Amino acid sequence: MWNRLKPRKMYASLFLYSCMAVCLLALAFTIYLNRLFAQSAAEEIRKSNQEKIRQVVQTSEFTLQKLRQFALRIYSDDNISMWLNANPDHYSPLLLYRAAASVREFASSEPFIHGIDLFNFTLNQIYASSDASLYTPRDFDDPSLLGAVRSKGTTPYLQFFDHEANGKSYLALIVPAAGQNRSYQGYAAILFDKPLLDEHMLQVSPQDQNKMIVEGPNQEYLLGNADARMAADLAGAKKPPRDSSGWEWSSGGDIWSVQSAKLPIEGWTVYHLSPISAWQAAMSRIRTNLIAASIALVLSLLLFLFWQSYRRLKPISDLTARLQTKLGSDERPMTASTRRAGSEIDWLHSGFDRLIGQLERLDLSLRSSKAIVKEDLLRQWILGSKASGPAAQFIQEETKILRTGAFRIAVIRLESYGRFKEYYDFASRKLLRYSLGNIAAEVLANHGFAAETVDFGSDHLAALVPASATDDEPGRLLEAMEDVRLQIRRWLKLELQAAVGPVLGEEADLQQIYGRVYELTQLAFLIDEDRVFTLEDMERYRPAKESGLDEQLLKQAVHAVRLRNADALRAGLDGLTRHMQSLDYEECRLQLTHMIYSIMRSLRHDKTLQGMKSIHAFLERFSTIGEVKEWLLRELLERMEMDRPRSGSVRKEEIVAEMNEYVRGHLHNPMLSVDDVAAHVHLSVNYARQIFKEYHPLSLSEHITDQRIKYAMHLLATTEWTIADIAEQAGFQTKSTFFSLFRRASGMTPGQFRSRRAAGRDEPD
């Protein structure tokens, strides 16, 4: 059945199989991706909720502690304390006036406060800040608060509790004003606005999908954006152990993911509820989009596969049909698959079998190729004194080197071979040398020289070039070798030195000439010249016989470093290296090794080079004596600069600049203090303040606050972040502190500043 339905053309059959494979793979991948995405999303939501509740707990503990401290500041205020502890014998209306003024000031400085009530049971008076009125306990309009004061006020611990008044719920705190004899007669009762605490401490609003519930020690609903019914249901729900990472809870037809944490100081429990149905709906939408995208991708792939099959494989089907027409049925291979299916691929198998046979025969011919033999014989000829009779005959027949009766040998050497070995592994070095030889042979051929290159597996190649009797032949060869260096530098990014030997005959001692030409390539290290060298250059720069290292100059160079005399150091190094240009390469490297080792040992500066052998290998990185001298000069000048003491004023300026940089980089940290800045610059706090004050009009702590305000202004003017986020980013511990300091610095609230900036009426500093 399948054989009848399967297309006969190979490209159509392969397209059908490809469609089936792509569809199955896409289906499996889409199912796996959906499942993986669902698991990852659930895990991320769980982690996000855990992080959210952790931040809420930290913020709540910090905020409640701050509110306690603020409450203590209220009842310890002199004016308020005097009124709370006043008795009829020493009472004056002025005491109430001053206490009321202090209450108004405290209430305006802390946005969380709804009202402050002062109770003096000695005077039998109650002052309420909500209407600035004075009551007696009998006519006070909040008897529940009066009862709470009498029941809770005698405890020395400051505990928040829930309080309802006039149909609204508040978070209340009672502060006793006790004297030396602990006669609790005066109290300050502070009511805090729950919506503001929800917004800024719990960071939630009634419109949020996620709900936050704070339960008291008796499971009473204190704070949060959930309704009272949900809070009551949660209080009565069965909860897992405290160490559980999260649990699910059903309420009102919805399923919630619940995370909980404890506020240890208060004994409260914080619950974070996230509706599972909301993020499941979002995940369903994403899953639908993912499936649609997968379908679109599959259709695109199928269209691409059809086009590729038609474009690439249809010519093969046409070729197979032509082969069948040309060869006929007698030439068709009668294999089992041919008899069974009669497909086009059998004809291709037949063609491949014949092609493989031809390739095998070609491979055998390549294995017996004379190219490998030729390179081996050329290498033996260069390294030996003379070529033997069969070798010379083979070289003469298979190359053009000896056809003119004369030839030259040229050497191409890689500069800084030590770095070359560090950058490339063995296989890469071999490939680069192979490419180098091919480029050199091709460039020489373009200049009319039929050269043969030989790789010695080290830092150089040799080239054997036929010589002619023309007068311009030496100049053309030098020009060709320069072109070889240029092209290799261009294509392989390698720096080379090259040298060309004299005209030689078949009977010449090639090994000796080869050694001298190789030595010529090392001449660039000595005389710092970049060109192709010849034997005339060797005669011009013949090494001197007496050329030892001047120990007196060596001592002067070391003394110059210790005296921090840069000019004397340069002169000393010039004198030490000047005579080295007349040495041979190995002697020059030996003296450079001795010079560097002696200087480093005298200065105890051996962090980079350890011992004579290390220095000798390190010199392979450099191409000339000048490069070695410049490197050594830089090292010694850096040593001199490190030892140079700096003036006190410059050092202080650097410390102050470092302080400024540290403050700018840590403004987001609300705990940044003068102690942190002083520790960063390794100074005592007092000395850090003193140095900073010498260069700034503000003290260091005032500077930190000033930078926070300026940064907040910049964020207000350039971003759309909420004011709470900006206060946090600028490092303010609470939003109220930010409002207070910002108003003091700019004369307006952050919201007013942003509005004026948006209207173009004000510019940030």
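# A tour of the predicted model

Both F742 and F753 are buried. Select them to start. This is a predicted model. The two rings have centres 5.6 Å apart and planes at 80°, so the pair is edge-to-face. Now colour the helices that hold them. F742 sits in helix α29 (residues 735-746), and F753 in helix α30 (residues 750-759). The two residues are 11 apart, and the pair links distant parts of the chain.

**Zoom out to the whole chain**

Show the cartoon. The chain has 30 helices and 15 strands. It runs to 765 residues, and 40% of them count as buried. Turn on contacts between residues at least 6 apart in sequence: 60% of these join residues at least 24 apart.

**Next, the largest nonpolar core**

Select W83, L118 and F192. These touch the most other members of the largest nonpolar core, which has 43 residues. Helix α2 (residues 10-76) gives the largest share of this core, eight residues. Domain 1 (1-39 + 204-314) and domain 2 (77-189) each supply at least three residues to this core. In soluble globular proteins, nonpolar side chains tend to be buried together.

Stay on L118. What does L118 contact, leaving aside its neighbours within four places in sequence? The list is I80, W83, L84, A99, V103, Q125, I126, Y127, Y187 and A188.

Apart from the core around L118 lies another, of 28 residues. Select L569, C588, L632 and L636, which are among its members.

**Then the aromatic rings**

The whole structure holds 13 aromatic pairs. Take Y135 and F140. Their rings are edge-to-face, 5.8 Å centre to centre, with 65° between the planes. Are these two buried or exposed? Y135 has 16% relative accessibility, so Y135 counts as buried. F140, at 6%, counts as buried too. Now add F119, F121 and Y187 to the selection. With Y135 and F140, they form one aromatic cluster. Y187 is also on the contact list of L118.

**A polar stop: S102**

Move to helix α4 (residues 93-109), where S102 lies. S102 counts as buried because its relative accessibility is 5%, and the cut-off for buried is under 20%. Draw a line from its side chain to that of N79: the two are joined by a polar contact of 3.1 Å. Beyond residues up to four places away in sequence, S102 touches D77, N79 and I80. I80 is a contact of L118 as well.

**Along helix α27**

Select residues 700-718, which make up helix α27. How far apart are its end C-alpha atoms? They are 27 Å apart, which agrees with the 27 Å that its 19 residues should span at 1.5 Å a residue. Now show the buried side chains of α27: L700, H703, I704, Q707, R708, I709, A712, M713, L715 and L716. Look at the spacing of these numbers. An α-helix has 3.6 residues a turn, so residues three or four places apart point the same way.

**Last, two loop residues**

Most residues other than glycine have a negative phi. Two residues here have a positive value. Select Q203, in the loop between α6 (194-200) and β7 (211-215). Its phi is about 60°. Q203 has 36% relative accessibility and so counts as partly exposed. Finish at Q219, in the loop between β7 and β8 (221-224). Phi of Q219 is near 65°. Q219 is partly exposed, with a relative accessible area of 45%.

Key: Residues numbered from 1 in each chain as written. Predicted model: local features only at pLDDT ≥ 70, side-chain atom pairs only at ≥ 80, totals over all residues. Heavy atoms only, no water. Core = buried A, V, L, I, M, F, W, Y, C linked by side-chain atoms within 4.5 Å. Buried < 20%, exposed > 50% of the residue type's maximum accessible area, 1.4 Å probe, protein only. Helix = DSSP H or I, 4+ residues; strand = E, 2+ residues; numbered from the N terminus. Domains from an automatic or database assignment. Contact = heavy atoms within 4.5 Å. Phe/Tyr/Trp six-rings, centres within 6.5 Å; stacked < 30°, edge-to-face > 60°. Polar contact = N/O pair within 3.5 Å; in protein donor to acceptor, adjacent residues only side chain to side chain. Expected span 1.5 Å × (residues − 1).
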